[in-house]
Amino acid sequence: MPSLSDFIYTQFRLTIPIPTASFASKTVIITGANGGLGKEIATHIVRLGASKVILGCRSKSRGNETKQSIESTLQCNPDIIEVWEVDLESEISIKGFVNQVNRLPRLDVLINNAGIHGQKFKRVYGTERTVAINCIGTFLLSLQIIPKLKETARKYQITPHLTFVGSALYDVAKYPENHGQDIFDWYGEESHMDSMNQYVIS
Ligand SMILES: NC(=O)c1ccc[n+]([C@@H]2O[C@H](COP(=O)([O-])OP(=O)(O)OC[C@H]3O[C@@H](n4cnc5c(N)ncnc54)[C@H](OP(=O)(O)O)[C@@H]3O)[C@@H](O)[C@H]2O)c1
């Protein structure tokens with residue numbers, strides 16, 4: 001568990017270097033990019049010269065507002081940013097997104113940023129929603145996109161990147177004991193809902 005001094009250091013003292021590597025000619029996808037950290041990541045990657053930045057959003061209109069906001073901040077070419085719909089709660093939506101990805105000439109980077117900390121119990125993919133989106137939906141998407149990243153690596157001789165945005169709070173997660181054969185099934189029981197722990201464990 002992080003100590004209080006670690007917390008104070010990382011939150012208030014630590015200065016993380018701003019990335020400066022060029023993204024020229026690269027295509028990048030960021031999920032959950034219509035706000036928060038996702039929007040900041042997208043903005044910086046456009047600033048670093050990416051050829052194409054795809055905002056994976058579950059609402060096209062919120063995504064389009066973000067596209068406009070980044071374009072007005074950076075005064076960049078409107079062909080760079082595209083908004084594609086993806087809802088990590090839906091296998092069909094993920095499949096449609098993957099089909100679109102497969103039509104891209106290249107994909108250099110996938111940043112899995114979309115995530116939730118759900119407060120109310122809802123069952124998705126046979127488990128609790130936070131676990132479903134942060135783990136199952138995220139991996140359903142990533143695993144189907146790995147072939148495109150590998151194809152790009154071979155074709156353009158680059159090192160592709162697959163990134164997951166997480167939280168240092170994983171360090172305080174309590175792994176449930178006696179969850180039986182299938183932990184996802186166990187979390188699908190409403191009586192096992194522990195919102196904070198499910199967020200940090202996922
Ligand atoms: N902020 C922090 O201090 C912090 C700390 C540690 C880790 N993180 C992690 O960093 C990531 C971004 O955090 P944030 O603070 O920027 O959160 P945020 O502002 O709530 O953004 C989360 C994004 O995920 C999207 N999303 C939620 N459910 C989705 C779904 N089913 N399908 C597709 N997209 C979905 C949201 O879309 P909508 O706008 O449509 O809801 C939103 O764009 C999260 O994974 C979070 O767990 C954040």
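Start by selecting Ile16, Pro17, Ile18, Pro19 and Phe23, then add Glu40, Ile41, Thr43, His44, Ile45, Arg47 and Leu48. Together these residues line the second largest pocket. The model is a predicted one, so treat this as a tour of a prediction. The volume here is about 370 Å³. Colour the lining by class: 8 residues are nonpolar, 2 are polar and 2 are charged.

**Next stop: α2 and α3**

Keep Thr43 and Arg47 selected; both line the second largest pocket. Both also sit in α2 and take part in its contact with α3. Now show helix α2, residues 36-47, and helix α3, residues 60-74. Their axes lie 11 Å apart, and the packing angle is about 40°. The two helices are therefore oblique to each other. Turn the view to follow the crossing: α2 passes α3 in a right-handed way.

Add side chains at the contact. From α2, pick Lys39, Ala42, Thr43, Val46 and Arg47. From α3, pick Thr66, Ser69, Ile70 and Leu74. This contact holds 4 nonpolar, 3 polar and 2 charged residues.

**Then: the largest pocket**

Switch on the pocket surface. The largest pocket encloses about 800 Å³ of space. Its lining has 32 residues. To find the centre, select Asn113, Ala114, Gly115, Ile116 and Asn134, the lining residues closest to it. Which elements give two or more residues to the lining? They are α2, β2 (52-57), α5 (129-156) and α7 (195-201). Highlight α5 here: with 5 residues, α5 gives the most. By class, the lining of the largest pocket splits into 16 nonpolar, 12 polar and 4 charged residues.

**Last stop: α4 against α5**

Stay on α5 and bring up helix α4, residues 91-102. How do the two helices run, roughly parallel or roughly perpendicular? Their axes come within 10 Å and cross at roughly 20°. That angle makes α4 roughly parallel to α5, because angles under 35 degrees count as roughly parallel. The crossing is right-handed.

Show the side chains where the helices meet. On α4, select Glu91, Ile94, Lys95, Phe97, Val98, Val101 and Asn102. On α5, select Gly137, Leu140, Leu141, Gln144, Ile145 and Lys148. Colour by class once more: this contact has 7 nonpolar, 3 polar and 3 charged residues.

To finish, show α2 and α5 together. Both give two or more residues to the lining of the largest pocket. α2 also meets α3, and α5 also meets α4.

Technical notes
Residues numbered from 1 in each chain as written. Predicted model: local features only at pLDDT ≥ 70, side-chain atom pairs only at ≥ 80, totals over all residues. Heavy atoms only, no water. Axes fitted to C-alpha atoms, helices over the stretch in contact; angles between N-to-C directions. Helix = DSSP H or I, 4+ residues; strand = E, 2+ residues; numbered from the N terminus. Parallel < 35°, antiparallel > 145°, perpendicular 65-115°, else oblique. Left-handed = near helix turned anticlockwise from the far one by under 90°. Contact = heavy atoms within 4.5 Å. Nonpolar A, V, L, I, M, F, W, Y, C, P; charged D, E, K, R; others polar. 1 Å grid on protein atoms, 1.4 Å probe; cavity = no way out; pocket = protein on both sides within 12 Å on 5 of 7 lines; lining within 4 Å. Points joined across faces, edges and corners; volume = space filled by probe spheres on them.
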